[in-house]
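Got your viewer open? Let's take a short walk, one selection at a time.

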Amino acid sequence: MEKARKASHAGSWYTNNPKQLSEELDGWLSSCDLTKSSDVRGVIAPHAGYSYSGRAAAYAFGNIDPTNITRVFLLGPSHHHYTPKCALSTATVYKTPIGDLPIDLEVNELLKATGKFEQMNIRVDEAEHSMEMHLPYLAKVFEGKPVKIVPILVGALSAENEAMYGEILSSYVDDPTNFFSVSSDFCHWGSRFNYTHYDKKHGPIYKSIEALDKMGMDIIEIGDPDAFKQYLLEYDNTICGRHPISVFLHMLRKCSTKIKIKFLRYEQSSQCKSTRDSSVSYASAAAKIDDTTST
């Protein structure tokens with residue numbers, strides 16, 4: 001029995017016109033001019049409306065070589081539904097205007113059997129945008145390929161639970177047919193976000209925001225979930241996908257494959273110059289098999 005999660009943010013956060021959406025995505029992907037690589041095993045990409053972060057997201061999804069990939073795990077933060085756990089979808093398919101993505105029910109069952117995952121009802125699923133904003137890009141990149149998805153809503157996890165979920169999911173990293181799409185925006189700055197950290201030594205506010213974000217991005221690139229946790233405790237940067245990113249860092253630390261994250265694009269929705277301004281930052285990264293062996 002098909003149970004579909006509809007593309008609830010199509011027509012508002014991005015166009016619901018299939019031809020227009022397809023052309024937009026093609027345009028952004030080709031303008032990045034990236035070389036696709038089968039060594040790219042995951043991405044970190046933003047989830048704002050496409051008029052804000054569609055272009056930046058292409059710098060993540062444009063790296064994907066879809067040839068060998070048959071399954072994509074989605075890790076997205078929960079914006080509306082509070083849970084201290086991770087939750088699995090109860091749908092069987094996720095709709096997009098440019099093609100539907102079936103859920104891997106077998107893997108869903110295996111994860112459910114660990115006893116560590118909740119299930120989110122379709123209402124919670126459709127209210128959340130963090131994973132949906134990755135779907136059109138995935139539908140585009142995997143066009144004509146038999147790919148299945150495993151959406152995982154990542155709740156407000158404790159450090160212990162981030163490590164625990166990272167361990168459970170790490171076994172999937174070593175299988176090169178699996179891919180991981182991690183959803184996060186970066187700094188949400190301004191009084192409307194209750195966050196106005198400003199270090200004047202960097203000059204204008206937007207430069208201070210960039211320095212703060214880049215500090216976090218550098219730590220993510222090093223791949224140290226404990227250092228990332230420390231950074232968040234110290235600066236409280238409003239990175240909404242902090243928990244999905246932390247779980248991903250634990251996965252990469254626990255798996256046998258050596259994978260390194262590299263950020264390829266950084267943008268801000270606007271340049272803050274006064275305390276009346278606000279902005280959201282978008283950063284895109286690729287997680288790639290690291291062939292350089294350190295001596």
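Select Glu-143: it is partly exposed, with a relative accessible area of 45% (buried means under 20%, exposed over 50%, partly exposed in between, using a 1.4 Å probe and protein chains only). Now add Lys-140, whose side chain meets that of Glu-143 in a salt bridge, 3.4 Å from N to O; the term means a side-chain nitrogen of Lys or Arg within 4 Å of a carboxyl oxygen of Asp or Glu. Unlike its partner, Lys-140 is buried, at 8%.

A word on the model: it is predicted, with local features needing pLDDT of at least 70 and side-chain atom pairs pLDDT 80 or more, while totals for chains, interfaces and linings use all residues. Residues are numbered from 1 along each chain as its sequence is written, and side-chain values use heavy atoms, leaving out hydrogens and water.

Next, pick Glu-267 and Arg-265, another salt bridge, with the closest N and O atoms 2.9 Å apart. Here Glu-267 is buried at 10%, and Arg-265 is partly exposed at 25%. Then highlight Glu-2, Lys-95 and Asp-100, joined into one network by salt bridges that share partners. The whole structure has 20 salt bridges.

Last stop: residues 18-32, helix 1 (helices are DSSP runs of H or I, at least four residues, numbered from the N terminus). Colour its buried residues: Leu-21, Ser-22, Leu-25, Trp-28, Leu-29 and Cys-32. Look down the axis and they fall within an arc of 135° (taken from the directions from the helix axis to the C-beta atoms), so they line one face. Turned away from that side are the exposed Lys-19 and Ser-30.

Methods
Helices (H or I, at least four residues) and strands (E, at least two) are DSSP runs, numbered from the N terminus. The expected span of a helix is 1.5 Å times one less than its number of residues.
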